[in-house]
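Colleague: Please take a close look at the interface in this model. I should also be grateful for an account of the packing and the charged pairs in the parts that surround it.

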Amino acid sequence: FRFVCGLSFEGQVLALRVRSATMSHQNPNTMGPAAWKGMDKMNSELFTLTYGALVAQLLRDHEDVDAVNAQLDKMGYNIGVRLIDEFLAKSNTERCANFETTANLVAKVGLKMFLGINANVEKWNSDKTACSITLSDNPFQAFVELPPSLSNLCYCNLMCGVIRGALEMVNRVVKCEFVKQKLHGADHDEIRLTLEEVKEDQPPPDDE
Amino acid sequence: MSSPVLLFVIVGKNEPLYEAEFNKLPGSAATSDSVTRQNYFVLHSALDLVDKAAWTTNNMYLKVVDKVNQQQVSTFLTAGNIKFMLLHGGRSEDSIKNFFTDVYELYVKLSMNPFYQYDTPITSKTFDNRVRAIARRYLS
């Protein structure tokens, strides 16, 4: 009797271990569309036109393309540090074991659930600390044509800031920049994501 | 002096925003200056008639507003009061209406570009290429 009990107990522990192992290999390809379904939606043209008006206004304010790029990145960073909470709450993810999982989650789940973008992760470097996220369609860019005087403008730089801000809040310091842009003539957008540092978990600041 | 030239002008509140000539015979000697100037003159003198015709109908497409010598001026009025005017030597109304409708779609997409301001000259090369393609499709 004890022998049978012991076995069934170990069987349960084994089953639990197997379950948690499969859960930590969650599939971003299915999580993305599932999370997207649960989000509130807005009119995509309103979104595109609002972003366009924002960029046009920044250009009028700053008049220097590099300053506008930096400002877009900063605004994106501020959005990202707050967006990570919503991402973690709504997408039901678990701790990432390595940067590869992180990048996959950003591309397949994050970009999908907030922007409806289908992205791919490729061009990993040899020690798996840098990759490229390729986007075939980008809701920020619909109807936009860059005039020749603004050829240095990184129009979607806000996205890079968001990714950078969000990842920094989970202790991954990354560098995020566009290496190819459809608005500059390429056939798709490509973001290069490079892991620079993994910070240690810090206890929350002392409230006294 | 009937010239098969087609002159298309987009006119804003104060000035022309876009001009294009669609010559059927690109190999012929360039139309003389006086003919070109006369064409522009005819088109601009029709502007008053456009305003008059706009009161008579609810449509955007105003058909032929003026006839001078052998040439006719057809006009399309956009929702933002921008005038698309075409100087032609007699074309079927349907083909002109289709031409105007397609150019209007292009114009709407152009206005959605955050870097294009309403009522400013249109300098986009892609817009120019596409207008010429539409003209080739419907007007020759």
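Modeller: The reply starts with the interface and then turns to the cores, two individual residues and the salt bridges.

This is a predicted model, in which local features need pLDDT of at least 70 and side-chain atom pairs count only at pLDDT 80 or more, whereas totals for chains, interfaces and linings use all residues. Residues are numbered from 1 along each chain as its sequence is written, chains are lettered from A and ligands numbered from 1 in the order in which they are written, and side-chain values use heavy atoms, with hydrogens and water left out.

The size of an interface is often given as the accessible area lost when the parts come together. Here chain B and chain A bury about 870 Å² between them, 68% of it on carbon and sulfur atoms; buried area is the accessible area (1.4 Å probe) that two parts lose on being put together, summed over both. Of the area that chain B buries against chain A, 68% is supplied by B:M112, B:P114 and B:F115, more than by any other three residues. Eight residues of chain B and 16 residues of chain A take part in the contact, where contact means heavy atoms within 4.5 Å.

Between chain B and chain A there are zero salt bridges, a salt bridge being a side-chain nitrogen of Lys or Arg within 4 Å of a carboxyl oxygen of Asp or Glu. Three residue pairs, both members at pLDDT 80 or more, are in polar contact between chain B and chain A. Such a contact is a pair of N or O atoms within 3.5 Å; within protein, one must be able to donate a hydrogen and the other to accept it, and residues adjacent in sequence count only if both atoms are side-chain atoms.

The largest nonpolar core has 38 residues, and those touching the most other members are A:I133, A:L135, A:L153, A:Y155, A:M159, A:I191 and A:L193. A nonpolar core is a set of buried Ala, Val, Leu, Ile, Met, Phe, Trp, Tyr and Cys residues joined through side-chain atoms within 4.5 Å; buried means under 20% relative accessible area, exposed over 50%, and partly exposed in between (1.4 Å probe, protein chains only). Beyond four places in sequence, A:I191 touches residues including A:I133, A:M159 and A:F178. A second, separate core of 26 residues includes B:F8, B:I10, B:F22 and B:L106.

In chain A, A:N104 belongs to helix 5 and is partly exposed at 25% relative accessibility. Helices (H or I, at least four residues) and strands (E, at least two) are DSSP runs, numbered from the N terminus. Apart from neighbours within four places in sequence, A:N104 contacts A:P28, A:V109 and A:V121. B:Q72, in strand 4 (residues 71–77) of chain B, is buried at 19%.

Over all chains there are ten salt bridges. One joins A:E86 to A:K90, with the closest N and O atoms 3.3 Å apart; both residues lie in helix 4 of chain A, four residues apart, about one turn of the helix. A:E177 and A:K175 meet in another at 3.9 Å, N to O. In chain B, B:D128 pairs with B:K125 at 3.6 Å; these two are about one helical turn apart because they are three residues apart in helix 4 (residues 125–139). B:D128 is buried at 14%, whereas B:K125 is exposed at 57%. Finally, salt bridges that share partners join A:K123, A:K180 and A:E190 into one network.
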